[in-house]
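Subject: Structure handover

Hello,

Here is the structure for you to look through. Please open it first, then read my notes below.

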Amino acid sequence: MRTRITLALAALLLLLTGCSPGAPADGPVTLRFQSLAWQPDSVAATKELVREWNATHPEIKVEYVQGSWDSVHDQLLTSFEGGEAPDVIHDASDDLADFAYGGYLADLSGLLPARLAADIPRGSWETATFGRGVYGVPFLQEPRVLIADADRLRAAKVRIPTAGHPWSWPEFRQVAKKLTGPGRYGVAWPLKDPVSATLNLSLSAGGRLFHRGADGKVTVRFEAGDAVVARTIHDQVTVDRSAPASTLGSGGADTLPGLFGGRYAMVPLGFSYRQQIVRQAPEGFHWQVLPAPAGADGLTQGVSPQTLSVSADCPHKKEAVAFIDFLLRPRNMVRLALGDWMLPTGTQALKDPALHTARHGWATGTALAARLRPAPAQFVRGYPEWKDKVATPAYQQYYSGASTLAGLRHRLERDGNLVLARYQR
C-alpha cells in the first residue's frame, strides 16, 4: 500500500504545469457540481465561489447542485449506475473506496496541478488513494474535540487540558467523575454513529482494528489499543455513572440543550459543532474547546476528510479539475474552512491567522492538525456493510451494558471478518 501511494503521489508532484483549459472549440462547457455543504455559512461560501468562477470563466459554466450527507452514498451509487452522476462530486474519503474500486471515479493522478498536489500533505492524500490512483482531493478535515462548560470546570477546580498537556484517558475518566452530581453528568456521549467515533479516537491509544496481511486482504483483530476508548465509554456509562445511557443513540446536536442547561459538563463533538453552539447558546453560557484525551500515541486521531472527486464518465475532466483547483486555492480553502467551521488540509491555508485565534477554539483545533491521520477504515472494502450490520449494533450493545468486552471482540472479529471476506474474494 505504501509503495502504491508513493508512486501515485510522485505522479502528482511531477506534473509541472496546470490543467486550466482554453475555451472548447464547440462552445461553453457545463459542469454539474454536487455540494454537500449544509450549514448556512458553508452554503453561502460555496455558492459565492461558484459565482466567482462563473464570472471569470465564461467558457466553463458550473451548475450548483445541492446534495445531502444523509443519503449521499446511495444517491451517488444510483446516479453512477444510471449514468447521471454529477461531474464534480463532494463527498468524504471514507465513502470513496467502493466507488474508486468500482470504476465510478476518475483517477486524478495525471490531472492535478503541481501546486495543489504539493500543498496538501501526504497523509491527507493517502485518504483518497486506492491502489495506484488518487480518486479525490481531500480539502476539509474535522478533529473530534471536547466542548466544555467552562464555569463547571472552573468550579470543580480541575486541570484544564491543552494540546501541549492533554488529559490521558484515565485522567479524563476521573475528571468526568468529579464533575458528576445529582441530576448532572460529567460527560455525554452522543453515539448515534458509535463506530467512526470509537475507531478514530482509538488511534490515540494505538488501536488499529483493521490489519492488512501479506496477501493484501484485511481482517479485523480487536487488540489492547482498540479497547482503551471503548472501555472508557462503557465504564463511564455503566460503572461510574458519569455519562448517561440516554444519549448513546443521539446525534451531537441533540446533546446541546443538556450542555446549555447544565446537565452535561462536557460533550465530545466534531470541531464544526462550534457553529451551532455560537448560534444557539443562551446568553451567559461560557464554553471552551478542549483537545480530546491522549493515549499511548498522544493526540493522534483518525479523520475522513471531505473530498472533491470527478466522475469517471465526466467528458470534461480537465475542466472539472481546473474548477477544483480554483475552489482549493489557499485563500478559497480558508473561506470554505471558515464557512464549515473545519480545518483545511492545505499547508498554506492552515497558516492563515484566522485559524489561529483563541476565539471559538480555532487555535485548539488548528494545534491538532499535525496529529490527524487517515481513519482506520479508510481503505477497507465492504466497510459500509460491516459498519451497519456488525459494528454499530455490537458497540451499541457494549456501551449500554448489554454485552461484555469479550462479546464485543467476538462479534467484531467473527461476524465482521465474514462480511469483509465477501468483498475480498
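First, a term you will need: an axis is a line fitted to C-alpha atoms, and for a helix it covers the stretch in contact. Angles run from 0 to 180 degrees between N-to-C directions. Please also keep in mind that this is a predicted model.

**Helices H8 and H10**

The axes of H8 and H10 come within 11 Å. They cross at roughly 10 degrees. Angles under 35 degrees count as roughly parallel, and H8 and H10 are therefore roughly parallel to each other. The crossing of H8 past H10 is right-handed. Which residues make the contact? From H8 come Trp169, Phe172, Arg173 and Ala176. From H10 come Val228, Val229, Thr232, Asp235 and Gln236. Five residues of this contact are nonpolar, two are polar and two are charged.

**Helices H9 and H10**

H10 also packs with H9, at an angle of about 125 degrees. Their axes are 8 Å apart. That makes H9 oblique to H10. H9, too, passes H10 in a right-handed crossing. On the H9 side, Thr198, Leu201 and Ser202 make the contact. On the H10 side, the residues are Gly225, Asp226, Val229, Ala230 and Ile233. Here the split is four nonpolar, three polar and one charged.

**How H9 is covered**

Is H9 largely enclosed or left open? Nine of the nine residues of H9 (residues 194-202) are buried, so the helix is largely enclosed by the rest of the structure. Buried means under 20% relative accessible area. Among the buried residues are Pro194, Val195 and Asn200. What covers them? The cover includes three helices you can find easily by number: H8 (169-178), H10 (224-238) and H17 (383-400). It also includes strands E7 (144-149), E8 (210-212) and E12 (301-303).

**Strands E7 and E10**

E7 has a partner strand, E10, and the two run antiparallel. Five bridges join them. One position to look at is isoleucine 147, which stands opposite valine 267 in E10. E10 (residues 266-270) is mostly covered, with five of its five residues buried.

**The six-stranded sheet**

Now turn to the open sheet of six strands. Its order is E2-E1-E3-E13-E6-E14, and the pairing is mixed. Strand E2 (60-66) and strand E14 (343-344) stand at the edges. Each has a single partner strand, so one side of each is left without a neighbour in the sheet.

Look next at E1 (residues 29-35) and E3 (residues 88-92). They pair in the parallel sense over two bridges. The bridge partner of phenylalanine 33 is valine 88 in E3.

Two helices lie across strands of this sheet. H3 (residues 72-81) lies across E1 and E3, and runs at about 145 degrees to E3. H14 (residues 330-340) lies across E6 (137-141), E13 (306-310) and E14. H14 runs at about 45 degrees to E6.

**Serine 35**

One residue in strand E1 is worth finding: serine 35. Is serine 35 buried or exposed? With a relative accessible area of 1%, serine 35 is buried. What does serine 35 touch, leaving aside its neighbours within four places in sequence? Its contacts are Thr46, Tyr64, Val65, Gln66, Gly67 and His90. For a sense of distance, compare serine 35 with phenylalanine 222. They are 187 residues apart in sequence and 36 Å apart in space, C-alpha to C-alpha.

Best wishes

Notes. Residues are numbered from 1 along each chain as its sequence is written. This is a predicted model: local features need pLDDT of at least 70, side-chain atom pairs count only at pLDDT 80 or more; totals for chains, interfaces and linings use all residues. Side-chain values use heavy atoms; hydrogens and water are left out. Buried means under 20% relative accessible area, exposed over 50%, partly exposed in between (1.4 Å probe, protein chains only). Helices (H or I, at least four residues) and strands (E, at least two) are DSSP runs, numbered from the N terminus. Contact means heavy atoms within 4.5 Å. Two strands pair if DSSP finds at least two bridges between them. Angles under 35 degrees count as roughly parallel, over 145 as roughly antiparallel, 65 to 115 as roughly perpendicular and the rest as oblique. A crossing is left-handed if the near helix is turned anticlockwise from the far one by less than a right angle, and right-handed if clockwise. Ala, Val, Leu, Ile, Met, Phe, Trp, Tyr, Cys and Pro count as nonpolar, Asp, Glu, Lys and Arg as charged, and the others, Gly among them, as polar.
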